[in-house]
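I opened this notebook to record what I looked up about the cysteines and the ligand sites, and I keep the entries in the order in which I made them.

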Amino acid sequence: MSNATLTARVADAEIGRRPEEIVNDFSIQVATVNGSGSQSANSVLMRSIFLMGVPVSGKNIFPSNIAGLPTWFTIRANKDGYTARRKEVDICIAMNPETAREDVLKARPGAAIIYEESFNLSSLRSDVFFYPVPFAKLAAQATTEPKLRKLLVNMIYVGVASHLLGVGRDEVVAAIQKQFKSKAKAVDLNIKAVDLGIDYARAQLLKKDPFQIQRMNKTADKIIIDGNSAAALGAMFGGCTVVTWYPITPSSSLCETMIEYFSQYRIDPKTGKATFAIVQAEDELAALGMVIGAGWAGARAMTATSGPGLSLMAEFAGLAYFTEIPAVVWDIQRVGPSTGLPTRTSQGDVTAAFYLSHGDTKHIILLPGSVKECFEFAGAALDLAERFQTIVFVLSDLDLGMNNWMSDRFDYPRKPLDRGKVLSKEDLERLGKFERYLDVDGDGIPFRTLPGTPHPLAAYFTRGSGHNERAGYSERPEDYQNLVDRLARKHETAKQFIPKPVIDIQPQASVGIIAYGTTDWAILESRDQLRNEKKIETSYLRLRSLPFTGDVAEFVTRHERVYVVEQNRDGQLADLIRLEVGPHSPRIRKVLHYSGLPIDARTVTEMIAAAETAARKEQ
Amino acid sequence: MSSAPSSGGVLKANRLGLPMAEYKGLDSTLCAGCGHDGITSQIVKAFFEYGVEPYRVAKFSGIGCSSKTPAYFIGNSHGFNAVHGRMPAVATGAMLANRTLLSIGVSGDGDTASIGIGQFVHLLRRNIPLIYIIENNGVYGLTKGQFSATADVGSKLKNGIVNELPPIDCCVLGIELGCSYVARSFAGDPKQLVPLIKGAIAHKGTALLDVISPCVTFNNHEGSTKSFKYAKEHEELLHEIGFVPFFEQIQTDYPEGTVKEVELHDGSHLRMRKLDRDYDPTNKPQALQLIRKSHEDGELLTGLLFYDGEKKDFIEEINMIEEPLATLPDERVRPSEQALNEIMEEFR
Ligand SMILES: Cc1ncc(C[n+]2csc(CCOP(=O)(O)OP(=O)(O)O)c2C)c(N)n1
Ligand code: SF4
Ligand SMILES: [Mg+2]
C-alpha cells in the first residue's frame, strides 16, 4: 500500500474532525535546490493566488551560488494585506532532499507537508498533514528528456498545491501564460505538468489540512513587481540619461532591468538611436566616477550598488559633495562583507551612507519603503541631486529590491523634471557675471553652468575642497570655512524638499514606533497585533529620508518611549535619532532584527511587548 | 577662415580670429623648469593654431603636479581636477553626457600607471573620445619624489634608492588594448609634440600621448632615466612629423617613398617624413616589436607609434544620439503615459 493511499485512509477515518478552515491567511514555503528552475514555478503559484484576488507577497531566500545549494521561496497569502515575512510555515513543499527533514521539523503544528514520496518523511512528526507525491515518477511519465523532467517536477508541485488549496485551474493557466508569455510550447508543457499534479492530487490525496484559498477582489487593480524593477522604471520615467554599474547582488537586476526597458522605450523614434548611455563599469569607483563626470556635464546620472560597492565609492562621494555635482547612488543593502551572506537582506548601511567619505560630509538619503516608493524616489532622487547639486543616496534592500511585492499601479509623473540652477548662455548674457560657488539666493545652493555653454563667462574650474566663491584655487582658511558652512546651509534647505515622514499619531498612545524601508511592512502588522493582542496603542513615524526634519524630534517628544525598529545590529538610525533629539534621547529604544532574513511582525510585537511590560513595571 | 598658420611668421590670430592669449590659463605654480610647463605651452600652441573654440573644450585631470596643469591652459573652458587616478571615469561620464565636447585629460605617471592603472586600461579598451596626455617623469612629484610604476629598472632616486621593478609602458598597453592613437614624445621636443597634439585633436577615439616630462626637483639627476639630459641623449625619432590641418591645402611635392601620411577623422593629415627606417604606424606587430627593441637598446623611441583610423569610438559603439544627452528636453527622456500603462499591464 502506497503512502498516499494510507494517508487517504487515515483521513477518511478522521472526516468530521477536520480542523477549522483557515481561509486566505497562511504562508507557503517551497524548499528546492538553486539552479533547478523552480523560480518560474514559484512565481506561477504566487501569481495564481494573486489572480484569485488574494493579497500575496513572494520572498526568495537564496544562497550566493549558481546551482546546487538549498533555496527557499516563501509565499504569503493574507486577506488583510499583510505582506511582511511570516515566520511560521503553514504549508511546506519539501523538494530538496538535503533540507527536507529540517524543513518538516520547522513547520508549525498543523502544517501541510507536500513532499517527494521517496524522501520518506511521514514518520518525522504526527502533528502535521503529509501529502506524499511521487514527483519524479510523474515527471518521467510526461517526458523522456531528463532536463525537462526536472523542470516539470516544479510545475507538478504547483498543480498539487493549487488543487489542495483550492486555487482555480484557470488562474494557474493564466499565471503560466503570463510567465511564459508568447512561448506557446512552454505554456503547453507547463500546463500539462500542472494537470498531472492536479489529477494526481484529486485521485490520490485527501484534503485534511485547514488551509484554503477563496476568491476575493482585493487585487483587482494591483500589480506585482520587485523594487529593483520599480526603481528602474522610476529612473526611466524620471528622465535618467546616464547609468553606470558594476554587477553585484542584489543591485544588478536594477540596471539589467534598465537596459531592458531603456532599449525599448528610450530609443529616439526619428534616428533609432539611444537617448541614454548605460555602461558596465570596471568597478564601483569607476561607476561613480562616470556618474560624477556625467552629472558635471549636465546629465541625469545614476548608479546602483550594494555595501561593498558603497565602500569603494567613498572617496568620490566626498568629491561630489565638495564640488557640488549631482549624482544618484542606489544602495540595495545586503549583509556584508565578502562571502557568506551576500544574498541576505539588511539595513546596515545607514550610517555609512549618511556620512560617506572623509572630511565634513553628510548626505541626502532617501529611504523607500515600498515598490511604489522605489518608482517615485527614483525620479525624486534625480531631481534632488540636480536641485541641490550633490550626491543623493537611495537605500533600498535585498528584500525590497529582489522580492515580489503587491502594489497599486504607479502614477505617471506629471511634474516637469527639476534640472536645478543651471545658467544658460542667455542667462549669462543677461546677468553679465557668474560666480560658481556664490550663494546668491541665500539657500546655500549656488548656480552652475555646463561645459560646452558657448559663452566666455561660462567656464569655471572644478576642484575638491580648495576653492573660493569664484571657483578660484584657494587655501585661505576663510574660504574653506565659508564653503563648508554654506554646504551645511544647503543641507538645511534640503529638509524642505526631501520626502516627509509618514506619521500616524494615536492621541492616547504613549508609545511611538519609528521605522523605515521594508521594516514598515512588519510594523503595519505588528501595530495591529500590539493593539489587538497586547492592548498597546502605538503611534508610528515612518522615516522616508535624511536629514531629519523637525517632525522626528517632535514625534519623539510626544511619546514616553519610542521604539526604533530596524534591520541591523547596532541600531544605526536609532543612534542618529539620539543625536538629533539630545536630551530626549533616553526615550529612544532599539528593536533590532539582523539575521539576514526579512523582519517579521511577530518578532517586533514580542520585543515591544516585553519592553513595555518591563517599562510599565518600573513606573 | 580669417588666417591660416603660415609656416614662417608668427601667427597673431587663428582661424577663429582668437589670439594665443585665449588659449592660456592661470600662471603656473610648478617648479621653474618643470617639464610639465613645457607640455602646457605646447598644448596652448596646438589648440591655438588648430583653432578650437575654447568653450567646446573640457579639461580633466587626476591628482599630481601634472594634474594641476589644466588650470594653466585654455582658461575659458570648463576644467575638472578630480581625484587621484580616477580621471578616466570622470572624463568618460562627461563624454557620455555631452559627446560634442572636445576633451583633454592630463595625468601623471603615478596617476595613470600606479593608482590609476585600472581605469586607464579600461579607458583604452573603450576608446573613449579623449586626448590623454601622460606627463611622465618616473616619480611622484607632488608627494616629493617616490618612484612611480614607469620608473626604469636601474634608475636611481636622489637618495640613492634604485628601482628594481619592471616599468609599465603605457604605450604598449594602449596598442594592445585597442587605443586608436598612440604616441610618445618628450617635453623638450616641441617640434614633435605640437603636431602630435594637433593630430590628437583631429582624432576621434582615445589619443594617448606618453610624454617624457622631467621633474627638475626630484628626478633630473645623474642616474635618472627621465632627466632632460638622459632623454635628449637617448631620444630616437621614428620619423619627422608634421600636421596639415583640414583647412589647409595639402602639398604633395615630396619624393616617392620618403613620406607617410595618415588621414585623420576631420580631414587633417599627419605627415611623417622618413628618417632611418621605414615605419608604418598602422602596423601593430611592427609597432610592438620596435618598442620592445627600444627598451632593449635603452632608446627613447618617439613619434606616432600606432594609429587605427577604422576603430569605432565608444559613443558610436553604444549608438548614442548626436545631441548631448545632458540637454535633451523632458519629452525626449520621459516616455509617454501610455508607455507606463503598457508596462503596468505586464505586472498585473
Ligand atoms: C587616494 C590618494 N592617495 C594618495 C594621494 C597623494 N598623492 C598626491 S599626488 C600623488 C602622486 C602623483 O604622481 P604623478 O601622477 O606621477 O604626478 P606628478 O606629481 O609626478 O606630476 C600622490 C601619491 C592622493 N592625492 N590621493
Ligand atoms: S616637483 Fe617635479 S613634477 Fe612637481 S612641479 Fe616640481 S619639477 Fe614639476
Ligand atoms: Mg610623475
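Entry, cysteines. I began with the burial of Cys240(A), bearing in mind that this is a predicted model, and found that Cys240(A) has 0% relative accessibility and therefore counts as buried. I then looked for a possible partner, and the closest cysteine sulfur to that of Cys240(A) belongs to Cys255(A), at 9.0 Å, which is too far for a bond. For the reasoning I noted the cut-off, since a pair of cysteine sulfur atoms has to lie within 2.5 Å to be a disulfide.

In chain B I made the corresponding check on Cys171(B), which is buried with a relative accessible area of 0%. The closest cysteine sulfur there is in Cys170(B), 7.0 Å from the sulfur of Cys171(B), and this too is too far for a bond. I recorded the total for the structure as well, which is 0 disulfides over all chains.

Entry, ligand 1. Which chains surround ligand 1? I found residues from chains A and B around ligand 1, so I wrote the site down as shared between chains. There are 18 residues around ligand 1, and those that come nearest are Cys65(B), Ser66(B), Gly110(B), Asp111(B) and Gly141(B). Sorted by character, the shell around ligand 1 divides into 6 nonpolar, 9 polar and 3 charged residues.

I next asked which elements of chain B supply this shell, and noted that helix 2 (65–68), helix 4 (109–114) and strand 5 (139–140) each contribute at least two residues. Helix 4 of chain B gives the most to the shell around ligand 1, with 3 residues.

For the polar contacts I listed atom pairs involving oxygen atoms of ligand 1. An oxygen atom of ligand 1 is 2.8 Å from a polar backbone atom of Gly110(B), while the side chain of His36(B) has an N or O atom 2.9 Å from an oxygen atom of the ligand. With Asn137(B), a polar side-chain atom lies 3.1 Å from an oxygen atom of ligand 1. I then looked up the area, and ligand 1 taken alone exposes 590 Å², of which the protein buries 77%.

Entry, ligand 2. I listed the surroundings of ligand 2 as Leu30(B), Cys31(B), Cys34(B), His36(B), Cys65(B), Asn137(B), Cys215(B), Val216(B), Thr217(B) and Phe218(B). By character, the shell around ligand 2 divides into 7 nonpolar and 3 polar residues, with no charged residue.

Definitions and conventions:
Residues are numbered from 1 along each chain as its sequence is written. Chains are lettered from A and ligands numbered from 1 in the order in which they are written. This is a predicted model: local features need pLDDT of at least 70, side-chain atom pairs count only at pLDDT 80 or more; totals for chains, interfaces and linings use all residues. Side-chain values use heavy atoms; hydrogens and water are left out. A residue is near a molecule or strand if one of its heavy atoms lies within 4 Å of it. Ala, Val, Leu, Ile, Met, Phe, Trp, Tyr, Cys and Pro count as nonpolar, Asp, Glu, Lys and Arg as charged, and the others, Gly among them, as polar. Buried means under 20% relative accessible area, exposed over 50%, partly exposed in between (1.4 Å probe, protein chains only). A polar contact is a pair of N or O atoms within 3.5 Å; within protein, one must be able to donate a hydrogen and the other to accept it, and residues adjacent in sequence count only if both atoms are side-chain atoms. Accessible areas come from the Shrake-Rupley method with a 1.4 Å probe; for residues, only the protein chains shown count as cover. Helices (H or I, at least four residues) and strands (E, at least two) are DSSP runs, numbered from the N terminus.
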